[in-house]
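I opened the model to go through a few helices, strands and chain contacts. These are my notes, in the order I took them.

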Amino acid sequence: MASTVENISRATIRFAGDSGDGMQLTGTQLTNTSALAGNDVATFPDFPAEIRAPRGTRAGVSGFQVQFASEDIFTPGDQLDTLVVMNPAALITNISDLRPGGLLIVNEDSFVSKEFRLAKLESDPLDDPDMDQYRVIKIKMTLLTRTAVEELGLTTKFADRCKNFFAMGFVYWLYNRDLQPSLDFINAKFGGKPDIAAANEKALKAGYNYGETTEAAISTYQVEKAKLEPGTYKNIMGNQGLAWGCIAAAKLSGKDLFLGSYPITPASDILHELSKHKNFGVRTFQAEDEIAAVCSTIGAAFGGHMAITTSSGPGIALKGEALGLGMILELPMLIINIQRGGPSTGLPTKTEQSDLLQCMYGRNGESPLPLIAARSPADCFQTAIDAWRVAVKFMCPVMVLSDGYIANGAEPWKIPDYDALEEIVVEHPGERSEEDPPFLPYKRDENLSRPWALPGTKGLEHRIGGLEKDHETGNVSYDPDNHEFMCKIRQEKIDKIADFIPELEVDGEDSGDLLVLSWGGTYGACTTAVSHCRADGLNVSHAHLRFISPFPRNLGTILGNFKKIVIPELNLGQLQKIITSTYGVNAEGIHKLKGRPFTVSELTEQFKELIG
Amino acid sequence: MSTELPVLRPADFGSDQDVRWCPGCGDYSILAQMKKALATQGFPREKTAFISGIGCSSRFPYYMATYGMHSIHGRAPAFATGLKSARPDLQVWVITGDGDALSIGGNHLMHAIRRNVNINIVLFNNRIYGLTKGQYSPTSEIGKITKSTPMGSLDNPLTPLSLAVGCNATFIARSIDTNAKHLSSTLQRAAEHQGTSFVEVYQNCNIFNDGAWKYATDRTTRQENVIEIEHGKPLIFGAESNKGIRLNGLNPEVVELGNGIAEDDLLFHDEQSPEPTLAYLLSRMRQPEFPEAIGVFRDIDAPIYDDQLNSQVAAAQEKNPDASLNSLFNSGNTWTVD
């Protein structure tokens, strides 16, 4: 007997278990399969900083959330429709996110007294009367997986490692997902170890078949294809998008790419990704520390490469002095900060937007730099290209901000045709002879940019450095008027970038009761919350900043057109400080510092309150 | 082609900037010998870059008519590593001092050397902080009285060459600012070496630490206190060339030639020894127990970081000659929406 199939427009599912339970892999598989089925998808992996925190404890719980939908979505979803928990610790730390009436799928085998103790629970949480609000499905996943793989003669330890595939199989049945993409994945990943491949395949199918045979009484769900813009898509994570964007930007400007980096969460995946693509002229240098990483980057920029460094807040702090040098040398490079929870070591695997002021101002002296922030995983690719375009046109390091949520989240990316991307024009001055007038390394063009003269070019030999320099020759100058002139012109150059970047667009009315002003990774939650408010008839508009230094030319005008401005941020009001001091306007803030992104519902509620 | 390339003289390597070191500073001599070494070598000016950190010595690039970068304190080896990795065609020099290289920049020095990046590092050792006006440095002797150590410094000094040996440097040498001929030939050897060349130069700061190397430079004492080492030659020193270094077990000892001790009994220098043991032993010979060695301690061939980095890129490109970004973008699972 087949279950009834219910058509729904979207579903939010979270897998939660021990760090060693393979929850990230399980979630990634469901994401890819759903994307291949034509859904729009958005993900939120959430894992502890420890690689293997003590087993069974609350600290060791790792989760992966995915929303898939038949319509455009911008977030991984607020409340869960289905929560899969592999142990009591996972249940107790995640249950509050499950909506009333939602499905709770439990690995019953781990709901035993020893596991309750590890999770610091006095009794079986499933006995709590509050559980009545959920539809609980208990499955002996460990036992059923062992039985399914029995004939392979694996040790219990190996057999038990397959139980995430069992859970995956059950969810695939529940949401009518095709097994084939994950079967292909198993073959590709474990092909060299036939036993493991066979066991995972059996576990996956066992989970699926278990649903079909034993749970036929409940209905399953179907999420139809989303109506995405025509094109070819693939799922992309933010860090991969930045890495590919940098490769593309280098090629578009006829450059090789140099990355100087030091491993740090959550930025390391950019180093890993770029290290795989040496065939595109990519050189990656794993430096001895954050300082050497940025210094080698400046060295490579001097040498004429597209040079980038990648890090997170603590690393950016260490790079501060060198960034000031990069600024005064006026060489193009990208400084990529994948923000994480701060201050200090903070919350390495959690997301936050609290490095904005650090990146804007965290250098000694008058040291302005442009700053661009990516808004979503799929936006990272274009962000890298736009940043490099500014860097070479205005001869300056560009700060590029992403965050842990964007870095590890995934969404469909419409694959561009590389040949249709606009070239990035870079010019280097040519050789000079003794008869030519002397080369002036700091003479500026109409954009106030100095020439990018490459070592190896005859007649252009020049010296650059961190000391203040004469405004044309670049020679060391302690002249007071020259110093003030240089400080002002370096600022003016950054301000001038506003002529080059697009004006800010307002989503909704150009004026009205409330403007939601956002930046970075809060884009999705703000967009969705604003659309909910508008669906309820409220006059709310939304503008999302891509460049924060400099601001788009029309930002001041837009701000003046609204009765109220609200700036939601995953910090204590950093953009809010800049906006209020720059434009002399009042702006409200919505602040969150929980290591997690905004939910759509909390924003919607607060927007509504502000309108009153 | 029979076009003759113009021959550059030492003066052609000087920039138009006024040199602003204190009159009498040992840096002047090093600058002069560097220009001479480069002119002798005949490498194009535009293909040469000097990278420095912070300190008196680090003003050096401003005075050279090559490409140059006066960077930040202690980090010059990291800038040089990036530049050389991107541009293996350039000859890259790092100019640094004892404070710059061994204090704030110790980490980068160590890693540049152990990677064997093809750069030449010249450490001007004056055993003092000059630019900040006279604090003790990592090479100052214990008990040094300075502005920051009125009761004497407490730290054990570093021996720069021992550190270089510890990082398995492939080229290690020492010279003296006032020994012009020896210095210019040492710098030339450093330039010729493939891989990291590390050269310590005893340099006098006549303002804050005058006479720090007097024992090694004074006409009346230098022959007793300095031993010039040469590959394949026995270690002989002294005004009368009558003293030598002999090995007693693992330890060196000073002996007088004659009375049954012949040259063949002495320690013979071997700069090409694959193991750095001898170079280390030589680096540990310090005053007043031993004469201090100058010359090339070590010069061996070993894989070079930037060569290998660029070889990996070339190998990847050879393996994937037709790789396009479109094929990268479309790799893995994709789906089409009509």
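I started with helix α20 (residues 600-611) of chain A, in a model that is predicted. Helix α20(A) lies across β19, β20, β22 and β23 of chain A and runs at about 145 degrees to β19(A). I then looked up helix α17 (residues 523-535) of chain A, which lies across β18, β19 (512-519), β20 and β22 (562-569) of that chain. Its angle to β20(A) is about 165 degrees.

Next I traced the sheet itself. It is open, with five strands in the order β18-β20-β19-β22-β23 (chain A) and mixed pairing. The edges are β18 (506-507) and β23 (588-591) of chain A; each has a single partner strand, so one side of each has no neighbour in the sheet. I checked the β18(A) edge and found two bridges to strand β20 (residues 540-545) of chain A, running antiparallel. D507(A) stands opposite H542(A) in β20(A).

**Contact between the chains**

I asked how many residues each chain puts into the contact. Chain A gives 58 residues and chain B gives 52. On the side of chain B that touches chain A, I listed the elements that supply at least two residues each: β2 (67-70), α2 (76-86), α4 (106-115), α10 (305-319), α11 (325-329) and β12 (335-337) of chain B. The largest share of that side, eight residues, comes from α2(B). I sorted the residues of the chain B side by type and got 22 nonpolar, 22 polar and eight charged.

I then looked for strand pairing across the chains. Strand β17 (residues 463-465) of chain A pairs with β2(B) in the parallel sense, over three bridges. There, R463(A) stands opposite G68(B). β9(A) and β12(B) pair in the antiparallel sense, also over three bridges, and Y233(A) stands opposite W335(B).

I stayed with strand β9 (residues 231-237) of chain A. It is mostly covered, with five of its seven residues buried. Within chain A, five bridges join β9(A) to strand β16 (residues 410-414), and the two run antiparallel. The bridge partner of M237(A) in β16(A) is A410(A).

**Helix α4 of chain A**

Which residues of helix α4 (residues 141-149) of chain A are buried? I found M141(A), L144(A), T145(A), A148(A) and V149(A). Seen down the axis of α4(A), they fall within an arc of 125 degrees, so they line one face of the helix. I noted the general reason: an α-helix has 3.6 residues a turn, so residues three or four places apart point the same way. The buried residues of α4(A) pack against β6 (98-107), β7 (135-139), α5 (156-160), α6 (163-174) and α8 (194-214) of chain A.

**Two single residues**

I picked I137(A), in strand β7 of chain A. It counts as partly exposed because 18 C-beta neighbours lie inside 10 Å, and 20 would be needed for buried. Beyond its neighbours within four places in sequence, I137(A) contacts L103(A), I105(A), V106(A) and E215(A). I also took the C-alpha separation of I137(A) and I308(A), which is 50 Å at 171 residues apart along the chain.

Last, I looked at A279(B), in helix α9 (residues 277-283) of chain B. A279(B) counts as buried because it has 28 C-beta neighbours inside 10 Å. Not counting residues up to four places away in sequence, A279(B) touches V165(B), I172(B), F297(B) and R298(B). H269(B) is ten residues from A279(B) in sequence, and their C-alpha atoms are 8.9 Å apart.

Key
Residues are numbered from 1 along each chain as its sequence is written. Chains are lettered from A and ligands numbered from 1 in the order in which they are written. This is a predicted model: local features need pLDDT of at least 70, side-chain atom pairs count only at pLDDT 80 or more; totals for chains, interfaces and linings use all residues. A residue is buried if 20 or more other C-beta atoms lie within 10 Å of its own, exposed if 12 or fewer, and partly exposed in between; C-beta atoms are placed from the backbone. Helices (H or I, at least four residues) and strands (E, at least two) are DSSP runs, numbered from the N terminus. The arc is that of the directions from the helix axis to the C-beta atoms. Two residues are in contact if their C-beta atoms, placed from the backbone, lie within 7 Å. Ala, Val, Leu, Ile, Met, Phe, Trp, Tyr, Cys and Pro count as nonpolar, Asp, Glu, Lys and Arg as charged, and the others, Gly among them, as polar. Two strands pair if DSSP finds at least two bridges between them. Axes are lines fitted to C-alpha atoms, for helices over the stretch in contact, and angles run from 0 to 180 degrees between N-to-C directions.
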